[in-house]
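I sat down with this structure today and kept a short notebook as I went. Here are my entries, in the order I made them.

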Amino acid sequence: MASGAQRCEDLVSVYKCLCDLNRLRILNLLFTGPQCVCHLEGALEIGSVRTSQQLAYLRRHGLVEVEVCGTWRRYSLPATPPAELAANLACLQDCVADNAVFKADLRRLQSVRRARCGPESS
């Protein structure tokens with residue numbers, strides 16, 4: 001069991017990850033299921049370097065997992081997310097339902113999943 005100080009550090013780490021709009025956008029897209037990097041890039045429209053940087057940051061902090069599928073990398077939320085992340089993802093879903101940026105991301109994701117390369121999603 002984690003000490004009180006460790007739990008506080010874990011909570012701060014999650015909140016630092018959530019303090020960036022692009023990382024929130026990625027987590028929102030991953031809430032729909034695992035996504036290939038090329039699909040995330042197409043949906044976010046922020047460029048491949050920025051997308052990769054944000055994914056690496058989230059991965060370093062344990063907020064996403066990656067699976068290698070041939071030449072592709074498919075990202076997903078952790079199978080067993082930390083309690084702090086699970087609570088904040090639920091809150092994020094409540095907050096983004098009417099947000100134009102997040103709605104547009106989801107629409108673009110549907111388009112790029114039909115049009116781009118990448119492994120089939122499960």
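**Entry: salt bridges**

I looked for salt bridges in this predicted model, and I found 4 of them. Side chains of opposite charge can pair when their charged atoms come close.

I began with R108 and E45, whose side chains meet in a salt bridge at 3.6 Å, N to O. R108 sits in helix α6 and E45 in the loop between α3 and α4, so this pair ties together parts that are 63 residues apart in sequence. I also checked how open each one is. R108 counts as partly exposed because its relative accessibility is 22%, just as E45 counts as exposed at 58%.

Then I asked myself: which other residue meets R108 in a salt bridge? I found D105, with 2.6 Å from N to O. D105 and R108 are 3 residues apart in helix α6, so about one helical turn separates them. D105 is buried, with a relative accessible area of 0%. Salt bridges that share partners join R25, E45, D105 and R108 into one network.

I noted one more pair, E67 and R74, with their closest N and O atoms 3.5 Å apart. Is R74 buried or exposed? I read a relative accessible area of 8% for R74, so it is buried. E67, at 42% relative accessibility, counts as partly exposed.

**Entry: the sheet**

Next I traced the strands. Strands of a sheet pair through backbone hydrogen bonds, either parallel or antiparallel.

Here I found an open sheet of 3 strands in the order β1-β3-β2, and the pairing is antiparallel. β1 (35–36) and β2 (65–69) stand at the edges with a single partner strand each, so one side of each has no neighbour in the sheet.

How many bridges link β1 with β3? I counted 2 bridges between β1 and β3 (residues 72–76), in the antiparallel sense. In that pairing, Q35 has Y75 in β3 as its bridge partner.

β2 and β3 also run antiparallel, and they pair over 5 bridges. Along this pairing I saw V68 standing opposite R73 in β3. The two strands β2 and β3 form a hairpin with 2 residues between them, and G70 in the turn has a positive phi of about 65°.

**Entry: helix α3**

I turned to α3 and asked how many of its residues are buried. The helix is mostly covered, with 7 of its 8 residues buried. I wrote down the buried ones: V37, C38, H39, L40, G42, A43 and L44.

What covers them? I listed α2, β1, α4, β3 and α6 among the elements that do so. Right after α3 comes E45, with a positive phi near 55°. I had already met E45 as the salt-bridge partner of R108.

**Entry: the nonpolar core**

In soluble globular proteins, nonpolar side chains tend to be buried together. I went looking for that pattern here.

The largest nonpolar core has 27 residues, and L27, L30, L58, L63 and Y75 touch the most other members. Each of α1 (4–18), α2 (21–30), α3 (37–44), α4 (48–60), α5 (83–96) and α6 (100–115) supplies at least two residues of this core. Which helix gives the most? I found that α2 does, with 5 residues.

I picked L63 for a closer look. Leaving aside its neighbours within four places in sequence, L63 is in contact with V14, C17, L27, L58, L77, P78 and L85. Y75 caught my eye again too, as the β3 partner of Q35.

**Entry: a buried polar residue**

Last, I looked at N88, which lies in helix α5. Why does N88 count as buried? Its relative accessibility is 16%, and buried means under 20%.

What does N88 touch? Beyond its neighbours within four places in sequence, N88 is in contact with V14, Y15 and L18. I also found a polar contact of 3.3 Å joining the side chains of N88 and Y15. V14 was familiar, as I had noted V14 among the contacts of L63.

Methods
Residues numbered from 1 in each chain as written. Predicted model: local features only at pLDDT ≥ 70, side-chain atom pairs only at ≥ 80, totals over all residues. Heavy atoms only, no water. Pairing = 2+ DSSP bridges. Helix = DSSP H or I, 4+ residues; strand = E, 2+ residues; numbered from the N terminus. Core = buried A, V, L, I, M, F, W, Y, C linked by side-chain atoms within 4.5 Å. Buried < 20%, exposed > 50% of the residue type's maximum accessible area, 1.4 Å probe, protein only. Contact = heavy atoms within 4.5 Å. Polar contact = N/O pair within 3.5 Å; in protein donor to acceptor, adjacent residues only side chain to side chain.
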